[in-house]
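This report looks at the packing of one helix and at the nonpolar cores of a model. Please keep the coordinates open while reading.

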Amino acid sequence: MRQQIVEYISTTYISQIFDTNQLESLEITSRDLDIMIDQAQSAEALMAHLKKFREISRKFGSFAELMAAVKVVCNGGSHVAEAARKRLVEYFNSQDCQLFSENPEPLKVSRTDVDSLIIAGGGIDDVLLLLPAFDSQGYRFNSIKQIVPSVQSYREQLIEQQQQQQQ
């Protein structure tokens, strides 16, 4: 499994999770890998975390940033970066966002709800492309939790279309 992790990080994963201008300077050492496996408690668990980061399109500027994120997740934190949460909350608070305009209550924003939305959408960039489209089509919601199924459904449809096109 160790070798699979190294191959995954250095081939499949590297261009999708690391900033492209950092690719040449990335170096994984055996010690770094051991630390991450220890933090995750198994190589299988580490692989699951790496795949989750990739699934939500989280990018890292260095291997040290990835190691720090793995540590956070293994200590009960989220796969979603704080910067991604901040971008989404900024959008919700902007004048451009009318998704909650018919809600009689002030919008309640929790980390869990924001993370769920980012994960359902496959990453912050995709979510921030999709929400304005929902807005322009007149979709209105009373909570962030209500948006998650719509975003997830839309993403699943896109994935299905992409798979059909590849066949």
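Against which elements do the buried residues of α6 pack? They pack against α7 (111-121), α8 (124-136) and α9 (144-166).

## Basis of the values

The model is predicted, and local features need pLDDT of at least 70, side-chain atom pairs count only at pLDDT 80 or more, and totals for chains, interfaces and linings use all residues. Residues are numbered from 1 along each chain as its sequence is written, and side-chain values use heavy atoms, with hydrogens and water left out.

## Helix α6

Helices are DSSP runs of H or I with at least four residues, numbered from the N terminus. At 1.5 Å a residue, the 12 residues of α6 (residues 82-93) should span 16 Å, the expected span being 1.5 Å times one less than the number of residues, and the end C-alpha atoms are 16 Å apart, which agrees.

Buried in α6 (under 20% relative accessible area, 1.4 Å probe, protein chains only) are A84, R85, L88, Y91 and F92. These residues cover an arc of only 125 degrees around the axis, which puts them on the same side of α6; the arc is that of the directions from the helix axis to the C-beta atoms. On the other side of α6, A83, K86 and N93 are exposed, that is, over 50%.

## Nonpolar cores

A nonpolar core is a set of buried Ala, Val, Leu, Ile, Met, Phe, Trp, Tyr and Cys residues joined through side-chain atoms within 4.5 Å. Of the 24 residues in the largest one, L88, F92, L99, L117, L131 and I147 touch the most other members. The elements giving two or more residues to this core are α6, α7, α8 and α9, and α8 gives the most, with 6 residues.

Apart from this core lies another, of 21 residues, including Y8, L46, L50 and M67.

Notes:
Contact means heavy atoms within 4.5 Å.
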